[in-house]
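This report describes a two-chain model, beginning with a helix pair across the chain boundary and moving on to each chain in turn.

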Amino acid sequence: MDNAKGLKFESPTFKQRIKGMLGVDFYRLFHTPLFYIFLAIAAIIPAMVSALTMMPDQNGNTMEPLYSNVWQIIAASEPLYVIKGIADYANMNMVFIFGGIMVSIFIGHDYKSGYVKQLFTTHAKKEDYMISKTLTCAFAMVCMCGTYFIGGTIGGLVAGYNASVNVGSLLVSVFGKMILSLGWASLFTFLNVIFRRYFGISVASSFFFGTGILIIGVAAIVEALSLPTAFLNIFLYGASVNACLTSGFGAFITCIAVSVAWAGIYILVGSHILNKSDVY
Amino acid sequence: MNAIEIRNLTKNFGVKQALKGLNMTVPVGSIYGFIGENGSGKSTTEKIICGLIHPNGGSIKLYGREYTDTEVRAKIGVLIESPGCFPNMTVWNNLKLQADNLSIKNSDAEIRKILKLVRMEGAAGNKYKNCSLGMKQRIGIAMALLGNPALLVLDEPINGLDADGMRIMREVLVDIAKSGATIVVSSHILGELEKIATHYGIVRGGKMIAEMTAEELENSCRKFVSVGVAKKDWAKTFLMRKYSNVEEDEQGYIRVYDQTSPEEIVSYLYDNCVIVNEIKTDKIGLEEYYIDLMQGKGAK
C-alpha cells in the first residue's frame with residue numbers, strides 16, 4: 001500500500017482504461033450463457049419463420065407463402081416504414097429487439113452484482129463505461145445479425161424459396177444493419193442508464209424502442225399526409241428499414257452516418273446523466 | 001496532510017436531509033472508526049467520498065485534492081455494503097476482472113499477494129456464490145486492495161461475521177494499516193472497532209458530533225470504581241449518600257464515577273457494616289462512551 005510520503009498520483013490513460021474495461025466486458029460476454037442463448041434465438045426464429053410458413057396445413061394444403069424470396073427474411077424488398085403485414089416486419093431488424101433485451105440483462109447484471117459500484121469508485125469515467133458497454137453490446141448484436149443471417153438463409157433455402165437476389169443490395173442491407181448495431185446498442189445502453197434502478201422497466205423500454213414502433217407510428221402519419229418519408233432515415237429504425245434488398249451504396253453510407261451520430265449522442269447524453277446523478 | 005478533509009457536507013434525498021454540514025478529518029495512516037446509528041449519515045458520507053452519489057454542498061479533499069480528481073480516485077479502494085462480484089465466477093476471476101479494469105500490470109502476482117494478505121489463498125478457485133459471508137467480505141477487501149490504494153473505505157466490513165471471522169478481519173485490517181494505507185471503517189460493532197481504530201468520528205443526525213484519537217478517547221472515557229457486594233441495595237443507598245454519581249451496571253456491580261479510591265470506598269462501606277466482596281477501578285469502553293454521548297451524558 002502507498003504511504004503518504006511515497007504517494008504518487010497517476011491515472012491510466014483513456015486507452016489503458018478503455019482497453020481494461022473492454023477486456024472485462026468481452027470476457028463477461030463470452031462467459032455468459034445469455035449471449036449464446038440470444039445467438040441461438042437469433043438463428044432459430046428466422047429459420048422457423050421461413051420454414052414454417054411453407055409447411056402444409058392440417059388439410060394438406062400449402063399455406064400462402066409469407067415471402068417470395070429467401071432474402072426477404074433478411075431485409076424487406078423495399079423501404080417499408082409502415083408495416084402492413086408480418087412479412088414486412090419480420091426481417092433482420094428483429095435482431096434489434098432481441099439485442100435490446102440482451103443488453104438490458106447484461107447491463108442489469110452490472111448493477112445487480114455491484115460491479116458498477118466497484119467501477120465508479122475508482123478512476124473509471126462514466127464516458128468509459130458508456131463506450132465500453134456500447135461497443136461490447138454492438139459486437140453482440142453484430143454476432144446476432146450473423147446467426148440470424150445463417151438461420152434465415154438456411155430456413156429459406158430449406159423451405160424452397162427463390163434465392164435470386166441483387167448481391168450488392170443484399171450486402172448493403174446485411175452490413176448496413178450490422179453497422180446500425182452500434183447505434184442501437186448505444187440506445188439500449190442509454191435506456192439502461194436512465195432506468196438503472198428498475199430492471200423490469202429497462203427491459204420493457206428496450207423492447208419497446210427496439211420494435212421501432214414510434215417511427216412506425218410517425219411514418220403512418222407521414223404517409224397519411226402524403227409527405228416524403230426519406231427524413232425518417234435519420235432515425236435508427238428508419239435507417240434500418242432503408243437498408244433493404246433494393247438499396248444502393250447510399251443507404252450503406254446512411255447507416256454508417258446514422259449509427260455513428262446516434263451512438264455519439266447517446267454516449268454523450270448517457271455520460272452526462274451518469275455524471276450528474278447518483279450512480280448507486 | 002490529511003487523507004480526507006470534509007467541510008460542511010450536505011446531502012438531501014428529496015425532502016430528507018441526510019447530511020447537515022458534516023465535517024470530517026482523517027489523518028494519513030490512521031484507522032478511522034466511523035461510528036453512528038442507522039440512518040445517521042455514515043453510508044451516505046462514504047458513498048459521497050467514493051463518488052457514487054453527489055453532495056448538495058460542501059467540500060471534500062482527498063490528499064489535498066478535489067475528490068473527483070481521477071488521479072486521486074485511482075488511489076482509493078472501496079468496500080461499500082457488499083463486494084461488486086459476479087456470483088458465478090470464481091474468486092480469482094472476479095479479482096482478475098477488477099485488476100484488468102484497473103489496468104494493473106503483472107496482476108497475477110498482485111492477486112496472489114493480496115489473497116495471502118486476506119487469508120484467502122486456498123479459496124481462489126471457489127465460485128464467489130459458494131463463499132461464506134466472512135470470505136465474501138474478505139474478497140471485497142481484496143478487491144479494494146487491488147491497485148495499491150492509499151485510502152480504503154470499508155462500510156460495515158465486520159457485520160454478520162462470526163467470532164473467528166471478526167478476528168481474521170481484524171488481523172487483516174491491522175496488517176493493511178501496517179503497510180501504510182489509511183483505512184476508514186464504519187461499524188456498529190464498537191468493541192471490535194475499539195481494538196483496531198486509531199481515530200474515531202461519531203456522527204449523529206447527519207452531523208459529526210465528535211472526532212478524537214484513540215488516546216483522547218482513552219482520556220475522555222469516564223473512570224469509575226466497580227464494587228461487588230452481597231447487599232447491593234443497602235450498599236447503593238449508603239454510597240449515594242456520599243457520592244453524587246452512582247449507578248448499577250448490567251452485571252449487578254455498583255459503579256462510583258466520582259473521583260475516589262477503592263480504599264476509601266471499602267473503608268466507608270465497612271464503617272456502614274457492608275462487606276465488599278470485589279472492587280476494582282475501570283473505565284467505560286467505546287460502546288458505553290458512545291451510548292453516553294448519544295444520551296447526552298457527556299464524556300467525563
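Five residues of helix 1 of chain A, namely A:G20, A:M21, A:G23, A:V24 and A:Y27, meet B:L97, B:D100 and B:N101 in helix 3 of chain B. Contact here requires the C-beta atoms of two residues, placed from the backbone, to lie within 7 Å. Helices (H or I, at least four residues) and strands (E, at least two) are DSSP runs numbered from the N terminus. By class, the residues of this helix contact are four nonpolar, three polar and one charged. In this classification Ala, Val, Leu, Ile, Met, Phe, Trp, Tyr, Cys and Pro are nonpolar, Asp, Glu, Lys and Arg are charged, and the others, Gly among them, are polar.

The model is predicted: local features need pLDDT of at least 70 and side-chain atom pairs count only at pLDDT 80 or more, while totals for chains, interfaces and linings use all residues. Residues are numbered from 1 along each chain as its sequence is written, and chains are lettered from A and ligands numbered from 1 in the order in which they are written.

**The interface**

Helix 1 (residues 14–30) of chain A packs against helix 3 (residues 91–101) of chain B at an angle of about 150 degrees, and their axes are 7 Å apart. The two helices are therefore roughly antiparallel, a label given to angles over 145 degrees, with under 35 counted as roughly parallel, 65 to 115 as roughly perpendicular and the rest as oblique. Axes are lines fitted to C-alpha atoms, for helices over the stretch in contact, and angles run from 0 to 180 degrees between N-to-C directions.

B:L97 belongs to helix 3 of chain B and touches A:V24 and A:Y27, residues up to four places away in sequence not being counted. B:L97 is buried, with 26 other C-beta atoms within 10 Å. A residue is buried if 20 or more other C-beta atoms lie within 10 Å of its own, exposed if 12 or fewer, and partly exposed in between, with C-beta atoms placed from the backbone. The C-alpha atoms of B:L97 and B:C85, twelve residues apart along the chain, are separated by 9.4 Å.

The contact as a whole takes 31 residues from chain A and 38 residues from chain B. On the chain A side, helix 1 and helix 5 (115–120) each supply at least two residues, and helix 1 gives the most, with seven. That side has 14 nonpolar, eleven polar and six charged residues.

**Chain A**

The secondary structure of chain A comes to eleven helices and zero strands. Its radius of gyration is 21 Å, close to the 19 Å of the globule rule for 280 residues, so chain A is as compact as a globular protein of that length. The radius is taken over C-alpha atoms, and the rule is 2.2 Å times the number of residues to the power 0.38. Along the principal axes, the C-alpha atoms fill a box of roughly 85 × 40 × 35 Å. Of the 280 residues, 51% count as buried. Among contacts in chain A between residues at least 6 apart in sequence, 82% join residues at least 24 apart.

A:S77 lies in the loop between helix 2 (33–52) and helix 3 (86–89) of chain A. With 17 C-beta neighbours inside 10 Å, A:S77 counts as partly exposed. Residues up to four places away aside, A:S77 touches A:Q72, A:C244, A:L245 and A:T246.

**Strands of chain B**

Six of the six residues of strand 3 (residues 31–36) of chain B are buried, so the strand is largely enclosed by the rest of the structure. B:I31, B:G33 and B:I35 lie on one side and B:Y32, B:F34 and B:G36 on the other. Strands pair if DSSP finds at least two bridges between them.

| Strand pair in chain B | Bridges | Sense | Bridge partners |
|---|---|---|---|
| Strand 3 and strand 8 (182–186) | four bridges | parallel | B:I31 and B:I183 |
| Strand 3 and strand 9 (199–204) | five bridges | parallel | B:Y32 and B:H199 |
| Strand 12 and strand 13 (254–256) | three bridges | antiparallel | B:E247 and B:R255 |

An open sheet of four strands in chain B has the order 12-13-11-14, with antiparallel pairing. Strand 12 (246–248) and strand 14 (276–283) are its edges, each pairing on one side only. The twist averages 25 degrees from one strand to the next. Helix 10 (residues 262–271) of chain B packs on this sheet and touches strand 11 (223–229), strand 13 and strand 14. The direction of helix 10 makes about 150 degrees with that of strand 14.
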